[in-house]
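Here is a friendly note to read alongside the structure. Keep the sequence and the 3D view open as you go through the points.

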Amino acid sequence: TRSGPPSLESAPDEGSALTAAWSTWAGWLGLVLAMAVIAIAWLRYHRRQQAARAELERTREYYLPLLQLSPDAVFVGTEGRLTFVNDETVRQLGAESAAQLVGRRYEELLPPSQLAVAARWVEALRTEPNVSHEFELVVLGLDGKERLVHVNARSFKFGDEMMSIGMARDITRRSAAEKRLQFLASILENSADLLTATDPAGRVLFLNAAARRLFEIGDQDVQ
């Protein structure tokens, strides 16, 4: 028997199958392209991160020796915790190594009497970035000793983090010497005896209160 021509009724079915196949392949192709775009974006981000880390490491290698040679304590913190301390900070806080300090909260290194004072300065650093703040604070070292330090600190934004960097100088001895001088000056000023001081040319440099009363000289008249 002779086979007749293809039935016209089969043509729509073949067209639908081709359309479905094309839609499937187009979907897969779109998915592959999307994944390729994501992969390229990730590679670019990864390369930028690697470059940033490499630059940070070069900066660290350059500046770290300078920070370690500083005669002042240098520290960096974020979210109220120490993230870096130099050797002088370790010494001032009575620690044996930086590892004993990194990660500690600031208040762990303060006596109770200083917590309120420190909180005010921490708030100032948080709300006033890129502004230097100077203050004096008593710190409590890991060796149990209290030390008076003069701090110069400022906060800055590094990426998405707010960080602070500071330098601190131990002024415990200087403060004690100043108080002793003030005490001795008070003794001289309030002595019942007449006390004077002159330079080699005979010019009066100091008269205590008893001498000024005797000679009827005002404080402002002493040259």
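The points below go from the whole chain to a hairpin and then to a pocket.

1. Please bear in mind that this is a predicted model. In it, the protein chain has five helices and seven strands. Try tracing them in sequence order: the pattern reads α-β-β-α-α-β-β-β-α-β-β-α.

2. Next, the surface. The protein chain has 223 residues, and 23% of them count as buried. About 16,400 Å² of the chain is exposed, with 60% of that area supplied by carbon and sulfur atoms.

3. How much of the contact network joins residues at least 24 apart? Among contacts between residues at least 6 apart in sequence, the share is 34%.

4. Now find the hairpin formed by β6 and β7, which has five residues between the two strands. Strand β6 covers residues 196-198 and strand β7 covers residues 204-207; they pair in the antiparallel sense over three bridges. One pairing to look for is T198 with its bridge partner in β7, V204. In the turn, G202 has a positive phi of about 90°.

5. Finally, visit the second largest pocket, which holds about 230 Å³ of space. It is lined by 13 residues, and those closest to its centre are E79, G80, V122, R126 and S164. Two or more lining residues come from each of β1 (73-78), α3 (115-127) and β5 (161-170).

6. Which element gives the largest share of that lining? The answer is α3, with four residues. By type, the lining of the second largest pocket has five nonpolar, five polar and three charged residues.

Terms used:
Residues are numbered from 1 along each chain as its sequence is written. This is a predicted model: local features need pLDDT of at least 70, side-chain atom pairs count only at pLDDT 80 or more; totals for chains, interfaces and linings use all residues. Side-chain values use heavy atoms; hydrogens and water are left out. Two strands pair if DSSP finds at least two bridges between them. Buried means under 20% relative accessible area, exposed over 50%, partly exposed in between (1.4 Å probe, protein chains only). Contact means heavy atoms within 4.5 Å. Accessible areas come from the Shrake-Rupley method with a 1.4 Å probe; for residues, only the protein chains shown count as cover. On a 1 Å grid over the protein atoms alone, a cavity is a set of points where a 1.4 Å probe fits but cannot get out, and a pocket is an open set with protein on both sides within 12 Å along at least five of seven lines; lining residues have an atom within 4 Å of a point. Grid points are joined across faces, edges and corners, and a volume is the space filled by probe spheres set on the points. Ala, Val, Leu, Ile, Met, Phe, Trp, Tyr, Cys and Pro count as nonpolar, Asp, Glu, Lys and Arg as charged, and the others, Gly among them, as polar.
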